[in-house]
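Hi,

Here is the structure I promised to pass on. Have a look at it first, and then read my notes underneath.

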Amino acid sequence: MSAPRFYAPSPLAAGPLTLTGPEAKHLTAVLRLGPGDAAELFDGEGARAAATVQAVRGKGAKTAAELLCEAPVYADPPASPLTLAVAAPKGDRFRWLIEKATELGVARIVPLICERSTVDPGGGKLDKLRATALAACKQCRRDRLPEIADPLPFAAFLEQGLPTTLFHVTGDRFAPPAPGPYAILIGPEGGFTEEEVTLATASGARIAALPTPILRTETAAIAAAAVFAAAS
């Protein structure tokens, strides 16, 4: 079995490293690792390193785990980093979306504020979404954390100028994009308005449809991300 993973946000280097906070608690109280046990560390920016637990000190919030790291290895950045701009679905469905998008390698997730949006994932909700992305990276052994951006109005997102496909019921079949940064837009439960579709088209976005035209927001987002991953 692979060694359990832990997030160490400082730059990784061969030598001693101390984990504190939630990662130390996970190592000691949840997984009950101790001196001599193997672990793997990653910094969320493409580096990972094998490590061995040397000592565990303190209790509760003051727990610290001392590890000895081997030389890190680095994952290449994606050739076609995907930004998934999606209207936030209700309840825990957005956390599920974040988890699956992380597993599929999405580089950036932007909560999109549309005319028919009903959920504002601001404040503490974003912290929970980022924690979900971190947990997914640990589980699927992804080396790069996706960026969970602050919510952005639909028009403001288009102004960023990324090559974009907007998924809509009246769109054509999705065509694989050229290599490079790309964005996919997914609307709320009521869909994009015709004004939003017109604005996206005027901004140079492609309009595409999924094989099943009517899907929940989170299903459409993951389906589109999977189609993009397969085509890249």
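Below is what turned up when I went through it, starting with the whole chain and then moving to a few spots worth opening in your viewer.

One thing up front: this is a predicted model.

**The whole chain**

The protein chain has 232 residues, and 45% of them are buried. Its secondary structure comes to 6 helices and 13 strands. If you box the C-alpha atoms along the principal axes, you get roughly 60 × 35 × 30 Å. There is also a fair bit of long-range contact to look at: take the contacts between residues at least 6 apart in sequence, and 74% of those join residues at least 24 apart.

**Arg5, Asp143 and Arg48**

Start with Arg5, which you'll find in strand β1 (residues 5-7). Its relative accessible area is just 4%, so it counts as buried, the cut-off being under 20%. What does the side chain of Arg5 meet in there? One partner is Asp143: the two side chains are joined by a polar contact of 2.5 Å. Another is the backbone oxygen of Cys137, which lies 3.3 Å from a polar atom of the Arg5 side chain. Setting aside residues up to four places away in sequence, Arg5 touches Glu40, Phe42, Arg48, Cys137, Lys138, Arg141, Arg142 and Asp143.

Now hop across to Asp143. This residue sits in the loop between α3 (124-140) and β9 (147-148). With a relative accessible area of 10%, Asp143 is buried too. Besides the contact with Arg5, the Asp143 side chain has a polar contact of 2.8 Å with the side chain of Arg48. So Asp143 has polar side-chain contacts with Arg5 and with Arg48, and Arg5 and Arg48 also touch. Beyond its neighbours within four places in sequence, Asp143 is in contact with residues including Phe42, Gly44, Glu45, Gly46 and Ala75.

**Two helices side by side**

Next, have a look at helix α2 (residues 93-103) and helix α6 (residues 217-231), whose axes are 9 Å apart and meet at an angle of about 5°. That angle makes the two helices roughly parallel. On the α2 side, the contact is made by Arg93, Trp96, Leu97, Lys100 and Ala101, and on the α6 side by Glu218, Ala221 and Ile222. Sorted by class, that is 5 nonpolar and 3 charged residues, with no polar ones.

**Aromatic pairs**

How many aromatic pairs does a search of the whole structure find? It finds 4, and here are two of them.

Phe154 and Phe192 make a tilted pair, at 5.5 Å centre to centre with 50° between the planes. Phe154 is in helix α4 (residues 154-158) and Phe192 is in the loop between β12 (182-186) and α5 (194-202), so the pair ties together parts that are 38 residues apart in sequence. Both rings belong to buried residues: Phe154 has a relative accessible area of 4%, and Phe192 comes in at 3%.

Tyr182 and Phe228 form a stacked pair, with 5.9 Å between centres and 20° between planes. This one also links distant parts of the chain, since Tyr182 is in strand β12 and Phe228 in helix α6, 46 residues apart. Tyr182 and Phe228 are both buried.

Cheers

How values were computed
Residues are numbered from 1 along each chain as its sequence is written. This is a predicted model: local features need pLDDT of at least 70, side-chain atom pairs count only at pLDDT 80 or more; totals for chains, interfaces and linings use all residues. Side-chain values use heavy atoms; hydrogens and water are left out. Helices (H or I, at least four residues) and strands (E, at least two) are DSSP runs, numbered from the N terminus. Buried means under 20% relative accessible area, exposed over 50%, partly exposed in between (1.4 Å probe, protein chains only). A polar contact is a pair of N or O atoms within 3.5 Å; within protein, one must be able to donate a hydrogen and the other to accept it, and residues adjacent in sequence count only if both atoms are side-chain atoms. Contact means heavy atoms within 4.5 Å. Axes are lines fitted to C-alpha atoms, for helices over the stretch in contact, and angles run from 0 to 180 degrees between N-to-C directions. Angles under 35 degrees count as roughly parallel, over 145 as roughly antiparallel, 65 to 115 as roughly perpendicular and the rest as oblique. Ala, Val, Leu, Ile, Met, Phe, Trp, Tyr, Cys and Pro count as nonpolar, Asp, Glu, Lys and Arg as charged, and the others, Gly among them, as polar. Rings of Phe, Tyr and Trp (its six-membered ring) pair if their centres lie within 6.5 Å; planes under 30 degrees apart count as stacked, over 60 as edge-to-face and the rest as tilted.
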